[in-house]
2 protein chains.
Amino acid sequence: MKFENIVTRVGRMPLPGALTAETYDYRAEPLDALKRGEIRIETIYASIDAGARGMLDPSANYPMLLRPGNRVYTSGVVGQVVESLDPAFSPGDFVRALSVTRQKYLTVDPKRTLGVRKVDPADGPLHIHIGALGMTGFTAWLGMFTIGLPKPGETVLVSAAAGAVGSVAGQIAKAIGARVVGVAGGVKKCDAVVSRFGLDACVDYKADGLSAAIDATCPAGIDVYFENVGGVVQKLVMERMNMFGRMIMCGQVSQYNGSCSGGGGAGGPNLMNVINRRLNLRGFISSDHMDMFPAFERSVLSLVRSGKLLPCATVTEGFDQLHDAVNSLSQGRNFGQQVHQMADDPLNA
Amino acid sequence: MKFENIVTRVGRMPLPGALTAETYDYRAEPLDALKRGEIRIETIYASIDAGARGMLDPSANYPMLLRPGNRVYTSGVVGQVVESLDPAFSPGDFVRALSVTRQKYLTVDPKRTLGVRKVDPADGPLHIHIGALGMTGFTAWLGMFTIGLPKPGETVLVSAAAGAVGSVAGQIAKAIGARVVGVAGGVKKCDAVVSRFGLDACVDYKADGLSAAIDATCPAGIDVYFENVGGVVQKLVMERMNMFGRMIMCGQVSQYNGSCSGGGGAGGPNLMNVINRRLNLRGFISSDHMDMFPAFERSVLSLVRSGKLLPCATVTEGFDQLHDAVNSLSQGRNFGQQVHQMADDPLNA
């Protein structure tokens, strides 16, 4: 064979806490010859998604659970075409694919695989297409435009505001004209949420006085809440939601990190305010709504091109260092999208 | 004056537990002469509403709090016209009015007061117009048709299924073709929910093995939950909701009864299932949606007339016995709508 493929599978199930080099297994596996219509992509970047740690923890209550030997999925990869039997793609083209397995050489039929398209290097770093323009950006956009629907002047609170989804959600809400407050962990992240992403304020959930800080930054209450974290922030927010408020239920990352024992079963907020204040809470998972992906791409690409949405990623390297990339995310070391670089990027050498 | 009016006000704020004769105060107050367009109604029946007890308990977290001297409202009264300066109404007509204060003689302008209309005694007992055809029926209908939207064959669980709202909600869901399971307190109520209202099953929340009983009666999970109670039932239901399930957040009566200390602040269910199962929880209060009242009336009147919806009420008597009527409701003695009779009913003498 011309190309030696390497496939990533789950090796050993992790103990609570950080993943180790044994968590994943990288094994050479034979490649079939390309079939008519297929292309072969050398993966350069793979997205590291919020559920990556939770999927390895049976106690985490995460919707998907992986077991040793299972292939590892990612919400998106960007790479370069190395072989093509589809006339629309040529070797050297930069290509993005969504919801694929993590391999050195990915073989796909662009007509049958989700979100395969050539990407334009002029739109930003290659990994923007698996970040703000990939499933994480789509998640932020879906939540904001199908559930949150903030009106200009309303107060939007975004948790994990320095994270992959939150950083896009906050900027989209700003572009709509809302007053947008972030919640993030640490002074450095909070500063960046305001100075870099342009949010009106950011509350540091690791500092003392969280409750007072939310009051101070949301003096008119909260109309829309983008929920990424759960736990104590969720309870404080529930008490401060305005009449007819919307809670975009995207994730509860504080509760499916393997280091947080039993989080999945911990109590939540009393729901009396849901009734008294006529709140709407809606859970969603972006893969249910792929029919809206083209509308998202048009909308967010125009924000990116006009400079209203600054993408942001934390990139870690090393094909066999996936555990480190997942640890970066689950330990909150990332700023924006967590990306794993699996091969050299010819545009950023 | 031809008529001596008596107005009901809050007397003494109650201690936790049952209301006493001192809770309310019944005082003669002067009546103005009728103005052009007004009518005067002798009140026969007044609705006793779910919030009646909670409104008197500052710790109950209920949206409205009454204080000594405040007039007492009711979601609806039925009475008989005694004077009229509106040509559309004549003395002797039976009339229903919504969201009014509780007085012996109620003076309203039918064009300016909510839901004032002549009622047809052929449609059932007079108090049906403040029950299944009043605000409680409207609440059941709104929840089912704007939030729950059950499809034929889906499983609908209704809490407080023998109560005013629940008994209508369950029958509406049956009329739509859903499989409907009730939750009620005690064997007698549960039997009636099945035999009288025609629900497919009813779970007794006072019996042992609540969790197993819900499993046994909802083997395919729960698609729509009509929430009237909160507490432990809510937690068990949240764990059994199906993908894309809807939770109609109408009330948490277990948490605003004055006898249940601190209920309003108790923890709720973890919201992870809201995300994983793409649930929608929506709180609503029927008075926000009066524009839909005519549609409700047409819809539910046709169910009543075709015998698909059997109204049901518990009537207690005595103008100055309001505390007893409220106790009947907050202690769960009622079956169906709790109604307070304030004067003789000429149609049921």
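Helices and strands here are DSSP runs, numbered from the N terminus, with at least four residues for a helix (H or I) and at least two for a strand (E). That naming helps in finding a spot in this predicted model. Take Thr23(B): it sits in the loop of chain B that runs between β1 (5-10) and β2 (24-29). Its relative accessible area is just 1%, and since anything under 20% counts as buried, Thr23(B) is buried. What does Thr23(B) touch, leaving aside its neighbours within four places in sequence? The contacts are Arg9(B), Val10(B), Gly11(B), Arg12(B), Pro14(B) and Leu56(B).

Two other residues of chain B turn up with an unusual label for a non-glycine, so to speak: a positive phi. Phe244(B) has a phi of about 60° and is not a glycine. Its place is in strand β12, which covers residues 241-249 of chain B. With a relative accessible area of 41%, Phe244(B) falls between the 20% and 50% cut-offs and therefore counts as partly exposed. Arg278(B), also not a glycine, has a positive phi of about 55°. Arg278(B) is found in a loop of chain B, between α6 (272-276) and β13 (280-283). At 13% relative accessibility, Arg278(B) is under the 20% limit, so it is classed as buried.Next comes chain A as a whole. Its secondary structure adds up to eight helices and 15 strands. Along the principal axes, the C-alpha trace of chain A spans about 65 × 45 × 35 Å. How does the radius of gyration of chain A fit with a compact globule? For 349 residues, such a globule would have a radius near 20 Å, and chain A has 20 Å, so the two agree. Buried residues make up 58% of the 349 residues in chain A. Among the contacts in chain A with a separation of 6 or more, 68% link residues 24 or more positions apart.

The outside of chain A can be put into numbers too. The accessible surface comes to about 13800 Å², and carbon and sulfur atoms account for 53% of that. Chain A carries 34 positive and 32 negative charges, and the mean positions of these two sets are 4 Å apart.

Finally, the two chains can be laid over each other. Chain B superposes on chain A, with an RMSD of 0.0 Å, after a rotation of 180° and 0.1 Å of shift along the axis. That is the relation of a two-fold axis. The same surface serves both copies, as 97% of the contact residues of chain B recur in chain A.

Terms used. Residues numbered from 1 in each chain as written. Chains lettered and ligands numbered in written order. Predicted model: local features only at pLDDT ≥ 70, side-chain atom pairs only at ≥ 80, totals over all residues. Heavy atoms only, no water. Rg over C-alpha atoms; globule rule 2.2 N^0.38 Å. Buried < 20%, exposed > 50% of the residue type's maximum accessible area, 1.4 Å probe, protein only. Contact = heavy atoms within 4.5 Å. Areas by Shrake-Rupley, 256 points an atom, 1.4 Å probe, with all protein chains shown as cover. Lys, Arg positive; Asp, Glu negative; His and termini not counted. Charge placed at Lys NZ, Arg CZ, Asp CG, Glu CD. Least-squares fit on C-alpha atoms with pLDDT ≥ 70 in both.
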